[in-house]
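This report describes selected features of one protein model, from its open and enclosed spaces to its helices, loops and cysteines. The sequence and the structure are shown first.

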Amino acid sequence: MLKTIRIGTRDSELALWQATTVEKKLNDLGYKTEIIAVKSTGDLILDKPLYELGITGIFTKTLDIAMIKGEIDIAVHSMKDVPTLLPKGIKQTAVLERANVFDILVHKGNVDFLNTEGTIATGSLRRKAQWLHKFPNHIVEDLRGNVNTRLQKLKDNNWNGAVFAAAGLERINLKPDTFINLDWMIPAPAQGAMLVVTMEGDAFCDEAISKLNHYETEVCTTIERHFLRTLEGGCTAPIGALAQIVNNEIQFEGVLFSLDGKQNYHIKKSCTFDTYKSFGEKCANEILNNGGAQLMEEIRKTLKVK
């Protein structure tokens, strides 16, 4: 008899949408499933910036523990929230086909502030640095919470706008008419992709989940996450990375910014499917060797990450 696959997820609307999407795919393949929702530390503590919480794994730790304790069989994550090194015993088994990779600015109908002074909100160091680089006379406020909470906070405050991942708003039909595509902003590594993890040694779930893997998305996110892991070394920093497949070639763009957006190290290169596994690391090392290592040291000191 087929066992029921217990799908672990955060309990936000977007996370539940992701888990339900995976559930439907598994049901269509003939597997029995059950969704188990849990609250993560990142969802519970909303009054501190993410970097103060030790960002690595803040949204995934609760599900990791539930998996290791045997309370759930698999976990579904927004891939950009997942640490580049998974806990011992947990493995990446499927990356689903990627949605919209870019960020958008949700505003209140008037964008005159883009030409003058303005205040926008985001909880992301990457978004903040890139915004200040382009709009140095703007103020960036911290914004935390799930997608619904952040949209409500934007309404309740006198900010001009807030930055969101387009995919998150599109998936749960919350994308308003008043938005601007920020195609100049390099997204977070693996933005727009969903990751499903299983426990090592669970052959049943491993076989089931691996059927959901989208190879091209796996390749692109692997490059981006290797780039991130090599640069950050366990510290959060304003890092953007995007790999895209164009005519059988993988085009990559990566960037490391200073926290204030004034300094940045940028790389744009391409590779083949034969060389992609070491490519992200190579690109990151090129940035580190050209001054990026010193900038990362400064970021660590500023954020008090030893």
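Which helix gives the most to the lining of the largest pocket? In this predicted model, that helix is α8 (residues 215-232), with 6 residues in the lining. The pocket itself holds about 230 Å³ of space. Its lining consists of Met79, Thr84, Leu85, Leu86, Gln92, Glu218, Thr221, Thr222, Arg225, His226, Arg229 and Tyr276. By residue class, the lining comprises 4 nonpolar, 5 polar and 3 charged residues.

**Enclosed space and the surroundings of His77**

The structure contains 2 cavities of 30 Å³ or more. The second largest cavity has a volume of about 30 Å³, and its lining is made up of Thr60, Asp64, His77, Val82, Pro83, Leu86, Pro87, Ile90 and Val197. Of these lining residues, 6 are nonpolar, 2 polar and 1 charged. Leu86 belongs to the lining of this cavity and also to that of the largest pocket.

His77, one of the residues lining the second largest cavity, is located in strand β3. Its relative accessible area is 5%, and because this is under 20%, His77 is classed as buried. Apart from neighbours within four places in sequence, His77 contacts Gln18, Thr60, Leu63, Val82, Ala193, Met194, Leu195 and Val197. Among these partners, Thr60, Val82 and Val197 also line the second largest cavity.

Leu63, another contact of His77, is part of helix α3 (residues 61-68). Leu63 is buried at 1% relative accessibility. Beyond its neighbours within four places in sequence, Leu63 is in contact with Gly8, Thr9, Arg10, Val38, Ile72, Ala75, Val76 and His77.

**Two helices with one buried face**

Residues three or four places apart in an α-helix point the same way, because there are 3.6 residues a turn. In helix α5 (residues 147-156), the buried residues are Val147, Arg150, Leu151 and Leu154. Seen down the axis of α5, they fall within an arc of 100 degrees, and therefore line one face of the helix. The exposed residues Lys155 and Asp156 are carried on the face turned away from this buried side. The buried residues of α5 pack against α1, β5 (103-107), α4 (125-134), β8 (161-165) and α6 (166-171).

Helix α7 (residues 203-210) has Cys205, Ala208 and Ile209 as its buried residues. They cover an arc of only 90 degrees around the axis, so they lie on the same side of α7. The elements that cover them include β1 (4-10), α1 (13-28), β3 (74-78), β4 (90-95) and β10 (194-199). Helix α1 thus appears in the surroundings of the buried residues of α7 as well as in those of α5.

**Cysteines**

Cys205 of α7 has 0% relative accessibility and counts as buried. Across the whole structure, 0 disulfides are found. Why is Cys271 in no disulfide? The nearest cysteine sulfur, that of Cys283, is 7.5 Å away, whereas a disulfide requires the two sulfur atoms to be within 2.5 Å, and therefore no such pair is formed. Cys271 is also buried, with a relative accessible area of 5%.

**Loop residues**

Is His138, in the loop between α4 and β7 (139-141), buried or exposed? At 5% relative accessibility, His138 counts as buried. Not counting residues up to four places away in sequence, His138 touches Phe113, Leu114, Thr116, Glu117, Gly118, Trp131 and Leu132.

The loop between β11 (239-246) and β12 (249-257) contains Asn247, and Asn248 is found in the loop between β11 and β12 as well. Phi of Asn247 is positive, a value near 50 degrees in a residue other than glycine. Asn248, likewise not a glycine, has a positive phi of about 65 degrees. Asn247 is exposed at 75% relative accessibility, and Asn248 is exposed with a relative accessible area of 65%.

**Separations along the chain and in space**

The table sets sequence separation beside C-alpha distance for two residue pairs.

| Residue pair | Separation in sequence | C-alpha to C-alpha distance |
|---|---|---|
| Leu63 and Glu216 | 153 residues | 26 Å |
| His138 and Gly240 | 102 residues | 21 Å |

Conventions. Residues numbered from 1 in each chain as written. Predicted model: local features only at pLDDT ≥ 70, side-chain atom pairs only at ≥ 80, totals over all residues. Heavy atoms only, no water. Buried < 20%, exposed > 50% of the residue type's maximum accessible area, 1.4 Å probe, protein only. Helix = DSSP H or I, 4+ residues; strand = E, 2+ residues; numbered from the N terminus. Arc of directions from axis to C-beta. Contact = heavy atoms within 4.5 Å. 1 Å grid on protein atoms, 1.4 Å probe; cavity = no way out; pocket = protein on both sides within 12 Å on 5 of 7 lines; lining within 4 Å. Points joined across faces, edges and corners; volume = space filled by probe spheres on them. Nonpolar A, V, L, I, M, F, W, Y, C, P; charged D, E, K, R; others polar.
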